[in-house]
Amino acid sequence: QVQLVESGGGLVQAGGSLRLSCAASGSGFRFIHMRWYRQAPGKQREFVASISNSGSINYADSVKGRFTISRDNAKILVILQMNSLKPEDTADYYCNAQLFDTWSRFHDYWGQGTQVTVSS
């Protein structure tokens, strides 16, 4: 069993920065992708950024040039550095991990979410 724990959310003024972290507990697994999603009040959950085991990175158009995703393999950690934040970035941010376990079975895990509020 893998647990994902997000941290780093909070309240920031427009133009500011926040750094979200997603730490994975457990052992014996191999990551395929780690992704960040967000869900604003009254809206559907949307993709923000992803990083694959090979290091391939993708971003939603709305965050390109402002957000940076990175991974620390030693600590099994994925980071989302968010700069030049806008009020429309306000949402609950969720970490998602797709991985194979020791027996090569596919799993899809979600964190509990961390709230980001950007004031204008």
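**Disulfide C22–C95 and the surroundings of R38**

In the predicted model, C22 is buried, with a relative accessible area of 0%. The cysteine C95 is likewise buried, and its relative accessible area is 0%. These two residues form a disulfide, in which the sulfur atoms are 2.0 Å apart. One disulfide is present in the structure. The torsion about the S-S bond is -80°, and the link between C22 and C95 is left-handed. Because C22 belongs to strand β3 (residues 18-25) and C95 to strand β9 (residues 91-100), the pair ties together parts that lie 73 residues apart in sequence.

A second site examined is R38. This arginine is located in strand β4, which spans residues 30-39. R38 has a relative accessible area of 6%, and it counts as buried because this value is under 20%. Its side chain takes part in polar contacts with two residues named here: one of 2.6 Å to the side chain of E46, and one of 2.9 Å to the side chain of Y93.

When residues up to four places away in sequence are left out, R38 touches Q44, R45, E46, V48, S62, V63, F67, E88, D89, A91, D92 and Y93. E46 and Y93, the partners in the polar contacts with R38, are thus also included among the residues that R38 touches. Y93 falls within the residue range 91-100 of strand β9, the strand that holds C95.

Conventions:
Residues numbered from 1 in each chain as written. Predicted model: local features only at pLDDT ≥ 70, side-chain atom pairs only at ≥ 80, totals over all residues. Heavy atoms only, no water. Disulfide = S-S within 2.5 Å. Helix = DSSP H or I, 4+ residues; strand = E, 2+ residues; numbered from the N terminus. Buried < 20%, exposed > 50% of the residue type's maximum accessible area, 1.4 Å probe, protein only. Polar contact = N/O pair within 3.5 Å; in protein donor to acceptor, adjacent residues only side chain to side chain. Contact = heavy atoms within 4.5 Å.
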